[in-house]
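Hi there,

Here is the structure I promised to send over. Have a look at it first, and then read on for what turned up in it.

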Protein chains: 2
Amino acid sequence: MTIKEVAQLAGVSPAAVSRYLNGGPLSKEKKEKIARAIEETGYRPNMMAKTMRTGKVRQIGIIVPRIFSESVNQLMDGIAEELLEKDYLTLLGYSDARKDRELQYLEMMVSNRVAGIILMATTLSDIKKLSLENCGVPLVVTGQKFDGLPCVYHDDKNGVKEMTSLMIRKGRRRIAYIGVFEEDKAAGMLRREGMQEALREAGLDADNVPRRIADFNSESGYEAMLELLAEHPDIDAVMCATDVIAHGAMKALKRKGRRIPEDVSIAGVGDNWADLVSEPELSTVRLYQRRCGTEAARMLLRLIGEEEPEGTSGDGADLRVGIRQVLSQDRFAEHLMLGYRIIERGSI
Amino acid sequence: MTIKEVAQLAGVSPAAVSRYLNGGPLSKEKKEKIARAIEETGYRPNMMAKTMRTGKVRQIGIIVPRIFSESVNQLMDGIAEELLEKDYLTLLGYSDARKDRELQYLEMMVSNRVAGIILMATTLSDIKKLSLENCGVPLVVTGQKFDGLPCVYHDDKNGVKEMTSLMIRKGRRRIAYIGVFEEDKAAGMLRREGMQEALREAGLDADNVPRRIADFNSESGYEAMLELLAEHPDIDAVMCATDVIAHGAMKALKRKGRRIPEDVSIAGVGDNWADLVSEPELSTVRLYQRRCGTEAARMLLRLIGEEEPEGTSGDGADLRVGIRQVLSQDRFAEHLMLGYRIIERGSI
DNA sequence: TTGTGAATTGTAATCGTTTTCATTATACTT
DNA sequence: AAGTATAATGAAAACGATTACAATTCACAA
């Protein structure tokens, strides 16, 4: 069904039908005839053709490292909410944390002429920088700080640092760490550094911390914990880079007869819903993933040129830290770092 | 950057550039000149224009009731995997289980001329049937059985029935049920019916089961359980429509001093990863959401006309039941019902 | 009756590609 | 050397919409 066929059926010109659809001047009788023809044929305008002619797109792209993850979900949820009533459709890419796929999706989306892209970055290869800066479509990075590009991210380092300090204040000294691969700067490197910084400030040895690298799932945390216990049976606290890992580790601790928190304290990052399921409940560094999504979406909308309705910014009160700075590298790139909150529960 | 500009820069015709991109006959020297021009300008072909001209789309739409849900995630993961190497991009819609939004997204996707749509249905309003059958784009429904449309779904009823029977065999008699809203036929009505059928077959009263309706989150399960306990303190088993609800209920049971499984048995549906986090571990009716996704994707691809590589069907061995029937209503509509597996853990 | 202005309407160009078809250049046969 | 087959090339039409512009209609005033 094309506009031409509808026009023919209604006995008018294609232009008239277009005017009917977009609110141009039109006589009553034609309006009725066209309405009838559309009704009859079930015609729906071809968005691609429209976009092509007008240059206006109502589609944005989202690229995430994985789908099966609570934090990713929260982010997507936040983005979706913000883009919802704006009638934007989202093109989803699923990079599996592989940079080739990240790039592949970026290119496909650029080819599809999306209005903008939100990239939940893990590894931030510099390839990206090269191929993105000049591709023309606005891009917002989330989860990682990236100079020269607008981004929304978390205060990963201080969050973990403060949680570790808390455990130290509670008397823990032989602290272990289960992290993730360091190519993921935010979740890998910065969280590890936060942990080490806390140790250093407390005068503990930060360089020889018993630690392991795990994947983003709980089995992996379980394995890592078993290994750590085998090597260092006297561990009295474990800081984990994510809650999911922490739950696996907790399971391993219990299996090896450790009481939590009497023998060993444990904490994670993220504030997963399952934190309330375990016994004891898992202490965690709460991050604002959902907020991260809405903020990234707003930022992108602003970049695209969609005006933002001046209003209250929603759940802003929940933030501990919240700096917003505008860097000027080659062009303005807004940076927003969200805060965190230490959630102390039974596990420490 | 358009093909015309590239052509001009390379000193050839647009047709030549097109041939370069799509592998038509071309002399070496032109190839080189064009390659250089593309390199220099960073030109990327406009997919929309291409689609417009050729009529071939490599985009499919997915509509899910919510993003923040493990089962939805698994499904999307399955779909993504299947569509991955086929170079399909996915347009994501997020209905929030509201049928107006479901419809809105359907229309937007049809307008965007996607090659096909996978709809994870909850409420299956008949509106859908009307507006979908004639819209021309192939549609696969997942999660719900829908006569006349191709769909992939689970054996919700028998799964819950078998789990309930198991609890009865273990000596439980005063069984309660926490379900979800019945407009969701699969998760609401069918699971409830399965529970009742088990009771009936065991000669128990199936009509006056203590029960509550909860939302798809754990707080809601917690509240429901408290209410049930207040009314029926002697409950000795709880069947829950989802694992997340079950975890909330379990928390409430513990808070009220019930030992699990000595005093009360509890089970859910879905096989959530957090089932291993709780103590005791949660028994569950495992569903094959991921498989559901891959099967739906394959089905859609088949409908679209993308040929399927004849090969092993992957994780098929995991299935208990697996019927595949071809209904012929107005057109062929393949139906695939996936099985389930009873996972018995500490909670019963 | 005729001229004027406003309101409607249609024609045709355009967006960025692909592809048909006719044309030109090249190589090969005899 | 001339004719023919084959390969390489470009001009122009199409895909389905929007929109600038010109054309038409109509009411109304002079």
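**DNA strand C**

Of the 27 residues around DNA strand C, the ones that come nearest are Arg19(A), Ser27(A), Ile3(B), Ser18(B) and Arg53(B) (a residue is near a strand if one of its heavy atoms lies within 4 Å of it). Sugar and phosphate make up 60% of the atoms of DNA strand C that come within 4 Å of the protein.

Before going further, a note on what you are looking at: this is a predicted model, in which local features need pLDDT of at least 70 and side-chain atom pairs count only at pLDDT 80 or more, while totals for chains, interfaces and linings use all residues. Residues are numbered from 1 along each chain as its sequence is written, chains are lettered from A and ligands numbered from 1 in the order in which they are written, and side-chain values use heavy atoms, with hydrogens and water left out.

Back to the polar contacts of this strand (a polar contact is a pair of N or O atoms within 3.5 Å; within protein, one must be able to donate a hydrogen and the other to accept it, and residues adjacent in sequence count only if both atoms are side-chain atoms). A polar side-chain atom of Arg19(A) sits 2.7 Å from a base nitrogen of DNA strand C. Ser27(A) uses a backbone N or O atom, 2.7 Å from a phosphate oxygen of DNA strand C. From chain B, an N or O atom in the side chain of Tyr43(B) is 3.0 Å from a phosphate oxygen of the strand.

The elements that give two or more residues to the surface near DNA strand C are α2 and α4 of chain A together with α2 and α4 of chain B (helices, H or I, of at least four residues and strands, E, of at least two are DSSP runs, numbered from the N terminus). α4(B) gives the most, with five residues. By class, this surface has 13 nonpolar, seven polar and seven charged residues (Ala, Val, Leu, Ile, Met, Phe, Trp, Tyr, Cys and Pro count as nonpolar, Asp, Glu, Lys and Arg as charged, and the others, Gly among them, as polar).

**DNA strand D**

Around DNA strand D there are 23 residues, and the closest are Ile3(A), Ser18(A), Asn46(A), Arg53(A) and Arg19(B). Here sugar and phosphate account for 64% of the strand's atoms that come within 4 Å of the protein.

A polar side-chain atom of Asn22(A) lies 2.8 Å from a phosphate oxygen of DNA strand D. Asn46(A) places a backbone N or O atom 2.7 Å from a phosphate oxygen of DNA strand D, and a backbone N or O atom of Ala49(A) is 3.4 Å from a base nitrogen of that strand. The largest share of the surface near DNA strand D, five residues, comes from α4(A). That surface divides into 11 nonpolar, seven polar and five charged residues.

**Where the two chains meet**

In all, 51 residues of chain B are in contact with 51 residues of chain A (contact means heavy atoms within 4.5 Å). The two chains bury about 4,900 Å² between them, 62% of it on carbon and sulfur atoms (buried area is the accessible area, with a 1.4 Å probe, that two parts lose on being put together, summed over both).

Six salt bridges are found across this interface (a salt bridge is a side-chain nitrogen of Lys or Arg within 4 Å of a carboxyl oxygen of Asp or Glu). In one salt bridge, Lys251(B) pairs with Glu281(A), with the closest N and O atoms 2.7 Å apart. On the side of chain B that touches chain A, α6(B) gives the largest share, eight residues.

Another salt bridge joins Glu107(A) and Arg44(B), at 3.2 Å between the closest N and O atoms. This pair crosses between chains, from helix α6 (residues 99-111) of chain A to the loop between α3 (28-41) and α4 of chain B.

Strand β2 (residues 89-94) of chain A is joined to β2(B) by three bridges, and the two run antiparallel (strands pair if DSSP finds at least two bridges between them). Leu92(A) has Thr90(B) as its bridge partner.

**Two cis bonds to look at**

The peptide bond from Ile260(B) to Pro261(B) is cis, with omega near 5°, and Pro261(B) is in the loop between α11 and β9 (265-269) of chain B. Glu279(B) and Pro280(B) are also joined by a cis peptide bond, with omega about 0°.

Happy browsing!
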